[in-house]
Amino acid sequence: MTNMKNIFTFLFLIFAFAAVSQTPAKSQKKQIVLLNGTAHIGNGTIIQKSAIGFDNGEITFVSDVREYEIQYTDDIIDITGKQVYPGFIAPSTTLGLVEIEAVRSTRDFDDVGFINPHVRAEISYNTDSKITPTIRTNGILLAQVCPRGGLISGTSSVFALDGWNWEDAVCKTDDGIHINWPTRFSGGGWWAEPEPLKKNENFEKTLASLQKFFADAKAYSQKGQTETDIRMEAMKDIFSGEKRLFINVDLAKDIIEVVYFAKQFGIPHLVLVGAREAYLVTDILKINNVAVVLDRVHDLPVSPDRDIDQPFKTPKQLQDAGVLYCLSYRGGMETAGMRNLPFTAGTAVAYGLTQEQALSAITLNTAKILGIDDKAGTLEGGKDATLFVSSGDALDMRTNNVELAFIKGKKLDLDNMQKQLFAKYKNKYSGK
Amino acid sequence: MKKIILAFLFNFPLFIFHSFSQETFPVNGTRENNKLYYAFTNATIFTDYQTRIDSATLLIKEGKIEAAGKGINIPEGAVITNLKGKFIYPSLVDVYTSYGLPEPKKESAGQGPQIESKTKGAYAWNQALKPEFNASSVFAADAKKAEELRKNGFGSVLTLQQDGIARGTSAFVLLADEKENKLLLKEKTTACYSFKKGNSTQDYPSSQMGSIALLRQTYFDAQWYALTNKVEKNLSLQSWNDIQSLPQIFDADDFLSALRADKLGDEFSKQYIIKGSGTEYRRMDEIKATNASFILPINFPDPYDVEDPFDALLVNLNDLKHWEMAPTNPSAFEKNNIQFAITADGLKDQTKFWKNLRKSIELGLSETAALKAITYSPAQITGMENVVGSLKPGLKANFLITSTNLFDKKNIILENWVDGISYKVNTLDVQDIRGIYNLSIAGTINYKLNIEGEERKPTAKIFFTDTVSIPADIVVERKFITLSFPVEKGKTDLIRMTGVAEGKELSGRCQLPAGTWTDWKATYKDAFVEKPKKDSTDNKPKEIGKLVYPFTAFGWSEQPKQETVLIKNATVWTNEILGKMEGTDVLIENGKIKIVGKNIAGVVNAKVIDGTGKHLTTGIIDEHSHIAISKGVNEGTQASSAEVRIGDVVNSEDINIYRQLSGGVVASQLLHGSANPIGGQSALIKLRWGLVPEKMKIENADGFIKFALGENVKQSNWGDNSTVRFPQTRMGVEQVYYDAFIRAKEYEKKLSAGTERRDLDLDAIVEILNKKRFITCHSYVQSEINMLMHVADSMGFKVNTFTHILEGYKVADKMKAHGVGASTFADWWAYKYEVMEAIPYNASILTEQGVTTAINSDDAEMGRRLNQEAAKSVKYGGMSEEDALKMVTLNPAKLLHLDSHMGSIKEGKDADVVLWSDNPLSIYARAEKTFVDGVCYYDSENDLLLRDEVRKERARLIQKMIAAKKGGEKTQKPEKKEDKLYHCDTMEEQN
């Protein structure tokens with residue numbers, strides 16, 4: 001009976017998802033030039049009337065329009081009055097690893113076990129998610145896709161949000177390993193009568209097991225081993241710096257401990273994820289070159305005593321302190337909600353950043369932190385032509401209106417299931 | 001065998017105590033004379049809390065007070081004890097204990113829902129109702145515990161089982177070591193209640209509003225049982241009725257619960273005695289208005305370890321402040337003339353009782369009030385004042401002999417007499433051996449010996465010469481004095497001596513380091529002069545921080561007032577036919593919008609705000625919110641919980657009220673969750689930060705109720721155990737509604753005939769049918785939306801609002817025809833199967849089809865950015881900016897039937913307005929000022945001052961805590977607190 005039920009559920013899901021997703025874009029045939037748009041480079045500069053050329057998937061030039069001489073072989077698109085941006089990048093997501101949070105069979109981001117550095121997001125990434133086309137229509141063209149759960153969750157990869165399959169879509173394979181720093185407090189009481197979080201009695205033990213695993217993995221990475229441990233194999237590149245180490249941590253004191261943990265093992269690239277109290281320890285982050293993937297700006301303060309706008313103004317505090325940081329949309333409903341990432345950058349502007357600083361926090365800074373700034377994050381010659389045109393300010397929801405988008409020069413189909421449903425029912429009511 | 005002998009030896013003293021005779025019990029041994037008079041003379045006697053008589057006599061016989069006062073004749077043959085210099089008080093009374101009762105029985109909870117009670121027999125339907133419980137029937141004396149309580153001065157207690165919602169009756173018992181037959185002073189002394197279901201494993205109730213509803217329903221059921229019932233025997237309801245005339249004690253675990261309990265009592269003309277929580281000082285005006293007597297705990301919190309500035313961040317201001325203010329709670333009651341008793345309940349460490357009580361006295365509680373609260377008041381409020389609590393003739397001979405004033409820090413309780421039997425706590429008389437002596441050992445060695453310190457705990461010093469001295473160890477036990485000290489300064493070889501005091505002389509035998517025995521003698525030379533000691537506590541600053549309302553960071557020390565305000569030259573979004581008006585003035589006065597126009601002149605005494613470059617809108621109204629709710633948003637344990645009311649559990653202390661004001665929100669519908677097809681009744685509030693729940697509710701607002709459809713009510717995502725409760729399909733959901741409405745119609749007819757049992761669940765459904773209550777229905781997919789409209793049409797009611805309504809766009813035409821409104825999310829989707837076809841264009845299509853459409857939050861975080869959420873409809877579907885703003889202002893006002901006085905900027909409407917830094921739909925806009933009823937509850941500049949106050953107050957308290965720790969106070973580790981945020985599918989996880 002249960003089997004029958006499962007089969008029905010399965011069939012049901014198949015039919016439910018029968019609507020065909022958007023066809024991946026075709027490769028670029030000739031140089032495209034976007035003319036007269038306001039170019040937001042991503043590094044803090046703006047070119048009011050710009051010319052942006054790209055060919056073979058790469059940006060060939062970005063200049064003032066007056067410096068561009070028309071080539072008749074170019075495919076010229078006039079974008080006068082419009083804004084052009086490098087593709088926004090969403091770090092620390094589970095996009096493509098989960099379709100419907102409440103349906104277990106669609107969840108693919110958290111495997112059994114405590115220490116799983118070897119599980120890889122790359123091969124699980126679903127290019128055909130119905131969610132992805134609704135994300136990129138707001139300007140997000142790249143995402144870091146991460147395993148979650150356990151102590152060491154696994155290995156992430158960075159994807160461009162277009163492609164026939166994961167091989168096609170991947171932008172950087174196995175970019176980093178993700179760790180959930182053990183928490184010093186764990187829950188108590190029940191939801192109607194919450195008790196204060198109690199000291200996590202397992203904290204020291206968990207920390208010790210993490211220490212040991214790192215010590216072992218470091219030794220393993222240093223000389224030839226006769227027996228292979230695929231978990232430790234996965235860790236090797238952390239110590240060489242080829243992979244980055246992402247550690248989820250929030251409280252200031254834990255952040256300090258994490259910084260010294262990484263120092264102890266000589267980790268070249270440490271990135272904090274979450275880091276809601278990073279604003280309290282900016283000096284130590286700056287001195288040690290620790291980067292921050294900041295949790296969602298649209299969040300509540302961590303306690304009633306904090307400034308009511310603390311999450312809104314944290315980006316400004318990190319900016320002023322000179323910490324390398326970027327914005328993420330991690331948290332509840334993160335995949336479907338990711339399309340709001342640009343607006344969280346907008347809020348950071350309302351609370352102190354300049355618009356171009358906020359833009360960097362979802363483009364160049366993110367690219368640097370993920371180690372993809374050689375090909376993404378700004379509108380600069382030599383980088384991938386992953387960019388988009390909006391009719392208005394893309395950080396404000398009123399004016400974010402993506403009219404054109406390219407990934408590696410390939411023009412995206414900006415349709416999505418939601419637009420189709422909109423059209424379908426508009427037609428129903430207009431009698432068409 | 002050895003063990004048996006040991007056991008016998010240890011228990012020997014108990015046999016003595018237990019040998020007191022009882023009338024109906026055969027005597028083992030010979031008769032004892034227990035009819036002697038005992039007289040206590042020359043004492044300072046408090047015959048009651050307010051009557052002090054010096055040099056007085058207390059006379060008792062056969063466990064009763066015969067007389068107390070001056071000039072009392074002492075009968076011949078009385079046992080006389082001279083208590084010169086000592087004090088006598090009535091023994092203490094604690095009316096909130098579980099002394100001598102077994103641990104409440106705990107049923108093991110099974111997997112999955114438990115819909116029915118596990119109590120076997122003809123009892124109440126709900127396992128948390130145990131009015132039949134009778135403490136006296138299971139009371140068994142506990143000698144060890146009794147001794148512990150007597151040590152603190154207690155002589156009698158009320159004992160009750162602290163388990164369940166209706167907890168049955170308590171017993172009043174003595175703390176003597178006698179047979180229960182003598183200890184039990186009164187069975188069924190009080191009836192006891194709480195909002196906590198305790199050990200009950202039954203699902204219902206899972207929230208505090210459910211507990212309130214259960215009590216309310218039970219009052220009606222009991223009335224019905226007494227008057228009209230002919231169909232069932234119910235021993236619980238029988239007991240419930242039997243105990244209604246007793247004093248009724250209600251355990252309220254915070255001050256809001258205390259107010260809720262009192263309000264519930266008022267509905268049924270019950271005046272509860274409230275067992276408080278120690279947080280009542282936060283709202284004394286309302287506490288006084290309850291007219292209740294209180295039983296107050298004094299389990300004040302320990303200071304936190306706050307040396308580490310990071311760890312200190314984990315402790316919230318209200319906990320820091322509570323540490324400081326909790327000891328002021330009793331004196332707040334005294335100042336307000338509210339009768340209160342003090343209980344040791346909740347003290348993990350009983351030795352803290354006196355320490356904490358003295359702390360309260362230091363902070364303003366008078367000694368008279370303190371004495372009253374531990375003697376007379378507890379007796380009086382439980383109807384036992386003619387038995388215990390004072391030393392009037394005829395009362396129980398329960399009294400304390402103390403070394404000095406009871407509240408003096410140095411006081412020692414010497415004896416505690418219970419029922420005329422003496423229990424030694426400390427030796428009654430000790431000889432004061434303090435003084436300066438000549439010590440001679442073996443008649444040859446001569447030293448000076450100083451015995452100093454406290455009478456009952458002396459210290460000693462040996463002077464080898466006038467300048468060379470060394471402390472000696474001294475122990476005084478009964479008549480024996482033991483001294484030991486080194487033979488010379490710097491050596492470890494000890495001289496050890498033991499002797500007795502006779503008159504002023506001490507003498508005895510001693511052993512020298514080599515083991516030789518010899519005599520010693522100490523001759524009294526001079527009196528010991530006590531050096532005036534600096535009392536460290538007297539130097540401590542007694543400064544206590546200000547009370548703030550509500551009691552949290554960003555609470556007001558002074559509540560903001562209604563003002564006359566003229567906002568000049570702003571862009572005013574009227575939401576009226578005039579639309580968006582540039583360069584316009586708005587005058588607000590007496591909480592209303594007085595004038596909207598250009599260049600308003602001639603206004604005197606108005607506070608003028610320059611609105612140049614700024615935008616003024618009416619305040620945001622959140623149609624779907626779960627902030628400001630205490631202890632549970634879902635009573636999802638039954639398919640219908642129409643009887644529960646969010647209005648019973650509004651929480652005025654939630655920081656999210658203030659946070660949302662900072663996002664321009666002025667009013668919210670606080671909704672029940674979506675765990676069942678028929679949920680609970682809503683509360684409509686304005687965000688009047690600082691006022692109590694009753695004053696936050698919108699006056700004369702219509703009643704609303706939450707309905708819900710889809711996966712939540714089918715329990716689809718609750719795990720594999722939740723497959724028992726009907727309904728599990730959308731088919732079943734429809735039938736729940738038909739059943740409810742058909743039954744409600746029949747019920748209404750019978751109710752008017754006067755024979756029907758009041759059913760609060762059906763009452764709410766009848767209100768819907770009579771257009772007295774309106775439905776907000778949680779909904780997602782089109783089929784179910786369509787279904788409910790059909791049910792409504794065929795049953796003769798209208799659905800007022802579909803909330804969430806993510807597939808509303810598919811049936812917008814049908815919704816328009818039904819006349820129902822929509823309150824939706826801007827762009828949520830994909831989090832569960834039923835929202836896979838949710839689209840952000842929903843609001844635009846609904847609006848275009850003529851459905852009144854709002855954007856709501858259902859989320860404390862999003863609630864403060866609803867202007868941004870509304871703006872998304874400009875992006876998705878191309879809505880006009882003015883229409884978009886209406887979706888979070890005028891339209892929700894319409895859906896909540898508040899638009900006659902809210903929702904637009906129009907002369908005569910409520911002055912609920914927000915001044916924005918920018919176009920309110922822009923991501924860059926910030927609310928600068930938020931007015932509710934003309935009161936500025938949020939001002940971005942004032943907010944900076946409040947932040948500063950939070951910082952300073954935290955710093956002050958942290959310094960004070962560290963000082964307290966240095967002063968020797970025990971501390972506790974900081975613990976991280978997380979705010980509980982509710983969504984409509986927040987469910988009970990455990991209890």
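In chain B of this predicted model, strand β27 pairs in the parallel sense with strand β31 (residues 615–618) over three bridges; strands here are DSSP runs (E, at least two residues), numbered from the N terminus, and two of them pair if DSSP finds at least two bridges between them. Across this pairing, B:Val572 stands opposite B:Leu616. Four bridges also join β27(B) to strand β30 (residues 607–610), again running parallel, with B:Lys568 opposite B:Asp610.

With strand β28 (residues 580–589), things run the other way: β27(B) and β28(B) pair in the antiparallel sense over six bridges, and B:Trp573 faces B:Lys580. The hairpin of these two strands has six residues in between, and there B:Asn575 takes a positive phi near 65°. As for cover, seven of the nine residues of β27(B) (565–573) are buried, meaning that 20 or more other C-beta atoms, placed from the backbone, lie within 10 Å of the residue's own.

Now for chain A. An automatic or database assignment splits chain A into domain 1 (20–87 + 377–432) and domain 2 (88–376). The contact between them takes 34 residues from domain 1 and 37 from domain 2, where contact means C-beta atoms, placed from the backbone, within 7 Å. On the domain 1 side, β17(A) gives the most, with three residues.

A note on reading all this: residues are numbered from 1 along each chain as its sequence is written, while chains are lettered from A and ligands numbered from 1 in the order in which they are written. Local features need pLDDT of at least 70 and side-chain atom pairs count only at pLDDT 80 or more, whereas totals for chains, interfaces and linings use all residues.

Notes:
Two residues are in contact if their C-beta atoms, placed from the backbone, lie within 7 Å. A residue is buried if 20 or more other C-beta atoms lie within 10 Å of its own, exposed if 12 or fewer, and partly exposed in between; C-beta atoms are placed from the backbone.
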